[in-house]
Amino acid sequence: MKRCPSCNRTYTDVTLNFCLEDGTPLTSDAPPSFDPQATVRYSQPTPTGEPPPTEIYRQEKPLVNQVPEMAQPRPAARQWTPTPVARAPKKSNAVWWILGGVAVVSVIGIGLVIMILALASISSTENTNTANTNSRVVNRNTNANRASNANTNTGPELLSSFTDDFSTQTWRTGNFQFGDIWYSDGEYRMRAKERTYLVMYAPSDVYSTEDATVRLTARSVDGVGPTSGYGLIVHGQKSTNNELEDYALLIYTGSEPQYEVVMHKGGDQKTLVPWTKSSAILAGGSPNQLEVRIRGDQLSFYVNGRYLTRITDSEGFKRGVVGVYTSEASEVAFDNLEIER
């Protein structure tokens, strides 16, 4: 007979090594009680005062050493393997306590949620009233802006077509942090500094690019061209933080001409269309006509009259103006700007 030292359950099956209740290794009890029917062999009587003779009991199967089953292989029949993690005795009571605690917490949580929803409902009503008041203020401001824009659009500067051949020096010039800009031979010229790019926007709203087709001729003066590109900007404007916001079509006129479309926002440059080879671009110092056709939020890009690609103005930069872009320390020239609406 075997006994569990943890729960005191007893088992008569000598093949069991672990308690079926809690997995504790079993121990062997004292030899079974005296059976008067069992055959007992006694040796010769011993003198008084000496220990009784050893009794020999025959059992069907020998007792098994008290070694965990994982360390001693056992037959597959009627074998039970405990879980790897030892379980504390009488764990079932703790489970009920835990379940009871969870139930109490759940009831309290539901009560809190109901209170929060009630308070939120009251706050939502108040916020809705405030939002309606603010909405009316915003609408008044919007109407004022529309009227102002309407008057501007009907002014003489926003013509159905506009050209600038750069014979008159109206664009800004000078030596700046990221490069130099000047007029020369009826062209607008730029040179950036090493590992930088240089951007210049048009001087007034007459150069607006909203719903317009914009064309500009650009060339590399030294016939090499900046490796990071140069080109035409549309929808150029400064943010409230005085940072660049625009879209730009850039070209590289080296041995393998390529184009790229980038966006400036928050002072950062993001590539929208990566560098792509195009046979439409003339290499070296040959002039290339860059063109952007803008219809609503759709911008289509062309070089020398040949279509390149298209993007969507997802940032809403349509109020901006035309601009020019260059990079690195290679001189470029711009000429013959055209805007049609």
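**Figure 1. Arg 215 and Glu 338 join in a salt bridge.** In this predicted model, the side chains of Arg 215 and Glu 338 meet with N and O 3.4 Å apart. The contact ties together distant parts of the chain: Arg 215 sits in strand E9, while Glu 338 belongs to strand E18 (residues 332-340), 123 residues apart. How accessible is Arg 215, and is it buried or exposed? Arg 215 has a relative accessibility of 17%, so it counts as buried, the cut-off being under 20%. Glu 338, with a relative accessible area of 28%, is partly exposed.

**Figure 2. Arg 215 also meets Glu 291.** Here the view moves to another partner of this arginine. The side chains of Arg 215 and Glu 291 form a salt bridge, at 3.6 Å from N to O. Once again distant parts of the chain are linked, with Arg 215 in strand E9 (residues 213-220) and Glu 291 in strand E14 (residues 288-295), 76 residues apart. Both residues of this pair, Arg 215 and Glu 291, are buried.

**Figure 3. Glu 291 pairs with Arg 293 as well.** Which residue forms a salt bridge with Glu 291 at 2.6 Å? That residue is Arg 293, with 2.6 Å between the closest N and O atoms. The two ends of this bridge are worth viewing side by side. Glu 291 has a relative accessibility of 2% and therefore counts as buried. Arg 293 reaches 31%, so it counts as partly exposed, a class that lies between 20% and 50%.

**Figure 4. Six residues share a network of salt bridges.** Now for a wider look at charged side chains. Side chains of opposite charge can pair when their charged atoms come close. In this view, the acidic members of the network are Asp 185, Glu 187 and Glu 331. Arg 189, Arg 191 and Arg 219 are linked with them in the network. Across the whole structure, a search finds 12 salt bridges.

**Figure 5. Three strands form an open sheet in the order E2-E1-E3.** The last view leaves the salt bridges for the backbone. Strands of a sheet pair through backbone hydrogen bonds, either parallel or antiparallel. In this sheet the pairing is antiparallel. Which strands lie at the edges? They are strand E2 (10-11) and strand E3 (27-28), each pairing on one side only. Strand E1 (residues 2-3) pairs with E3 over 2 bridges, in the antiparallel sense. To find this pairing in the model, start at Lys 2: its bridge partner in E3 is Ser 28.

Technical notes: Residues are numbered from 1 along each chain as its sequence is written. This is a predicted model: local features need pLDDT of at least 70, side-chain atom pairs count only at pLDDT 80 or more; totals for chains, interfaces and linings use all residues. Side-chain values use heavy atoms; hydrogens and water are left out. A salt bridge is a side-chain nitrogen of Lys or Arg within 4 Å of a carboxyl oxygen of Asp or Glu. Helices (H or I, at least four residues) and strands (E, at least two) are DSSP runs, numbered from the N terminus. Buried means under 20% relative accessible area, exposed over 50%, partly exposed in between (1.4 Å probe, protein chains only). Two strands pair if DSSP finds at least two bridges between them.
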